[in-house]
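Please open the model in a viewer and keep the sequence panel beside it. The stops below are given in the order in which they may be selected.

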Amino acid sequence: MAEFTPANRTLISSATLARPRGKVIYWTVLSVVLVVFTLVFVGPLYWMATSGFKSVHEVLHNPPTLVPKDPQPSNYKTAWTQLKLAKLLWNTFYYAFGALAFQLVFDVAAAYALSKLRPVLGNIVLGGMLATLMIPSAVLIIPQYMTVLDLPLLHVNLINHPWAIWLPTVANGFNIFLLKRFFDSIPNDLMAAAAIDGAGPMRTLLSIVLPMSRPILGVVSIFAVVNVWKDFLWPMLVEPDPSKQPINIGINSLSQGVPQNVLIAALAISALPTLLIFLLFQRNIMSGLTAGSLKG
Amino acid sequence: MSRIRYRRLVAVALVAGIGLTSAACSSSDKKDDNGGSKASSSSAGTPLDPKTKVTISVDCMPPTTKKPERKQWLDDIAEFHKTYPNVTINSKDTFPCEDTDKFTAQLQGSSETDVFYSYVTDLNQVLDAGQAADITAYVNDKTVPNLKDIDPNVLAILKDDGKLYGLPTTNYSMGLVYNRKIFKDAGLDPDKPPTTWDEIRTDSKVIQDKLGSKGIHGFFEYGAGNQGGWHLTSALYGAGNNVVSEDGTKAAFNGPEATSILQTIHDMRWVDNSMPASAGKEWGESQKAMGAGQIGMYLAAPDDIQLMVQQYGANFNDLGMAPIPGGKTSLMGGNDYFFKKSDSPDQIKAGIAWINFKFLTLKKGQFNYARNKTDGIPVGLPQPFFFTGQSKATDTADKTQYATVPVQNYKSYVDAQVPVKGEPPNAQKLYTVLDTVMSGVLSNKGADIGKLLSSAETQANQLLAAGQ
Amino acid sequence: MAATTVPDKTTRRHAGRAAGPRTQGGRGGLSRKLSQNLQAYGFLIGAILCFGFFSWYPMVREFIMSFQQTRRGVTSWVGFKNIKTVYHDPYFWTAWKNTGMFTLYALVIGFVVPFFVAILLNELRHARAYLRILVYLPVMLPPVAGALLFKYFYNPEYGLFNRILKIFHLPTSQWLDSSHTALISVVVAATWMSMGSATLIYLAALQNIPGELYEAADLDGAGLWSKIWHVTVPQTRLVLSLMLLLQIVATMQEFTNVFLMAGGNGPENSTMTVVYMVYQYGYRYNNFGGAAALGLFLLLVLAGFSGLYARLNRNAD
């Protein structure tokens, strides 16, 4: 538990809390918060997990039941096989980590060039990239879709191909902004020193800049993975083949063909991998997110 | 009317024309037979040469959730291979077979399968996207032996400017599906289903009053997913109305019939409370609820009965089918397969051979009633009905021989012989617009029906104008 | 490169470019400059191509498409027809109103709630890690799980929420099935799913407020609200305004939740956002020109909004 000194005190001073009245109020508030927050944030998850065990009739029964009367674990098995969840989850991870790789390579290289190599017209390129921050992706969904159908100059159709998800994620002004700002803060002495040693830009990037940039790379990576994980409209449009869809699209399109209890079981399964990853790495993820967002 | 009559004329002319070309082709084929297969494979009118090596992708394979249908599909492919060992069919399962939005996306992206499923109303859209191959020259009584017996009205929907683009696989005419057991339990006569909207309202209220405490509602209606618009159109057809003008350029649904039907639905929902509180948003909700015995009746096509029994736990004996309320005309819709524009002639031939085998040959594929009976797929539903003449007679005889469903439950529907009427041009767009009207009535107690209809009329007129 | 580069360290802007000429000069310097530039663009090329194909070109394309239509595979110029069509759509203003209401609700609920939750959590001395994890849990759900789960809870017949209201003898609601409550129901669910990240960011900002400021406010006899208003809010202003912009931009392009929970347009088009309308024009009406024209409207509004924000921010600084 952190210590509360006057320097890091918060809204209410420790002295106030130490008074008998303060203590009573504090403990009441704490218990109410604990109960309410647990109900609000874990309650729905509990309901999801247990409703997956209910029978078709019980899951649509009014009033709803707190505990399944006659648990049917087979719903989970049906959901897993009929909705092909293994495939959907694998697709999702494939898209997410592919997008991550592309963003790390292209965006880091670009931000490095704009921050340290500063080519002619670099500022115009930077301006063009940052300008896209003002235009949310959904606005351009139609022309973007048309572009993916027939890539200009190359005349390639990217529909049903992972490139259709990976490449557009590179065009992320926010990444460039975060990375360039961070690289700007790396002292040029270091770069100059490396240059004296005869290191080219690539070696400088790999041996000096990247090792110093771990925090920001962590943030960009989390955003990259989460963005693909959360995206819906774009993958729905560019991955129409059911065997290539990520989990969000796959479950939604199959939701009409399965009974409610199997659907909820599928939802519970789909939530499990990320919840587990989060619970295992929550310390790193949360500190990474807050540190990065403050710097940004 | 004049449009339909015109279409029928075109159809007749076409059938005649096809007959002529096929005759021409077949005479030339005979010569080629001696000379070798080279020339015959290049002429469109001949059936696929079994020696031709060709691969086609086909969608709408039944999903894993529909076990017997899936098994039959695979068995049929195996049997088809005996005749055409060199044709490889890559089946894709999708459920539902068509989602209008994804269908658009597929057409835009040319990512549909070589032989692709659609609603018969989609021809216009498919042509706009430039995705359908003209199969006129490929379809004749050699490639599709039962062609002469396919109802020309059904084929006409798949034609544009005299050219044929698709082959039908099934068709339906809308009616009222109702739960006979619920009718009995509520003290209503299951052999006398309602035939007008007023009777629906009365019966629905009786069901609600008697059985509402058990969570059973009298009636169900959709308000989204194009289902609401489709049902409203069906209801208007039942009243003898149209939804667009005869030339297809103006909306024609805003009238006293629409107002009165919508008012009845509104009153069932808000005055009698004889409908569920949630307006159906997705296809499947009415079937699930009917299957679970929670609603008394709703507008549907006959194949819903099969779906409810196989997927959602309903019992054949409980389900009955009555003609569409009003009984003036009944909306006829259906499904078909189109052929992708980029298909090679051999792919088109292989596709036609497959569709012909699976969907258009009596005693085979979907018409193999003996097998349906063993596999537990119901036999005896009044659908499809696109055959006429000798084929129709054979089909009816087969159906009677293997019937597994209580045919008498659909007697009033079959006996009514309501004249069918095809769906409006740009049907899916109109349905989206009409969804809003239905959802307004179902979700808002104070809904202003006049305003909902006039807004929808403005919107529909614009869409129709933009589509010109 | 020798020690001559040292003075450049102070003028960081020119470090990379100026390094060469000092040592070499003349024609060699020029070609060196060229090769350095080429090298730099080598690093940039991947990103430039991606931006070009998927951001810059689509912006131009959106503009062009707004004046075109495609029939029977043939594209032609139609002037202002698309723009007129979408503008005269009876639900054009409804979509804007819904988007505006969505943003407003999202601000009242999705912006204020996490801020106060963060303040509350920051005051608690126990179970801090546990509460943080709780708030963040829903963020980790795939959107389809959160949205379809809430759709199930919202069902007026057998849903959990009406049951809870009934237990407490409160009036029940139609939730997603009424044009009056559908939009707000979506916002509440969306807030549940996403408030974790905002809360964590506010918490981090709150921890950076120097305690002395509160100490001084206490000495002035300031009450709780006064301290929040005069110390907490100004001290977190930067983060708050950034989050405000992000929140507004995010809600202006809302699609996923209305699509998953309310079937897109909702009862009587009550949840139809502008982005959903774009989608509907494209994929339902098969009118991509109209969809592009509608996107152009949204583009202009958002660009204007972002410009206004940048200007206000500059003035405030």
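A residue counts as buried if 20 or more other C-beta atoms lie within 10 Å of its own. The model shown here is predicted.

Begin by selecting chain B. By this criterion, buried residues account for 53% of its 468 residues. Colour chain B by secondary structure next: 18 helices and 12 strands should appear. Chain B is as compact as a globular protein of its length, because its radius of gyration of 23 Å is close to the 23 Å that the globule rule gives for 468 residues. Rotated onto its principal axes, the C-alpha trace of chain B spans about 75 × 50 × 35 Å. Of the contacts in chain B with a separation of 6 or more, 78% are between residues 24 or more positions apart.

Move now to chain A and select residues 24–47, 93–114, 121–143, 163–183, 204–229 and 262–281, which an unreviewed UniProt entry annotates as "transmembrane region". Two of these spans merit individual display. Residues 93–114 of chain A are 100% helix and 0% strand, with end C-alpha atoms 31 Å apart. In residues 163–183 of chain A, helix makes up 90% and strand 0%, and the end C-alpha atoms lie 28 Å apart.

Finally, display chain C together with chain A. Here 88 residues of chain A are in contact with 91 residues of chain C. On the side of chain A that touches chain C, select helix H15 (residues 260–295), which supplies the largest share, 14 residues. Colouring this side of chain A by residue class gives 63 nonpolar, 19 polar and 6 charged residues.

How values were computed:
Residues numbered from 1 in each chain as written. Chains lettered and ligands numbered in written order. Predicted model: local features only at pLDDT ≥ 70, side-chain atom pairs only at ≥ 80, totals over all residues. Helix = DSSP H or I, 4+ residues; strand = E, 2+ residues; numbered from the N terminus. Rg over C-alpha atoms; globule rule 2.2 N^0.38 Å. Buried ≥ 20, exposed ≤ 12 C-beta atoms within 10 Å, placed from the backbone. Contact = placed C-beta atoms within 7 Å. UniProt positions renumbered as here; feature names shortened; annotations may be inferred. Nonpolar A, V, L, I, M, F, W, Y, C, P; charged D, E, K, R; others polar.
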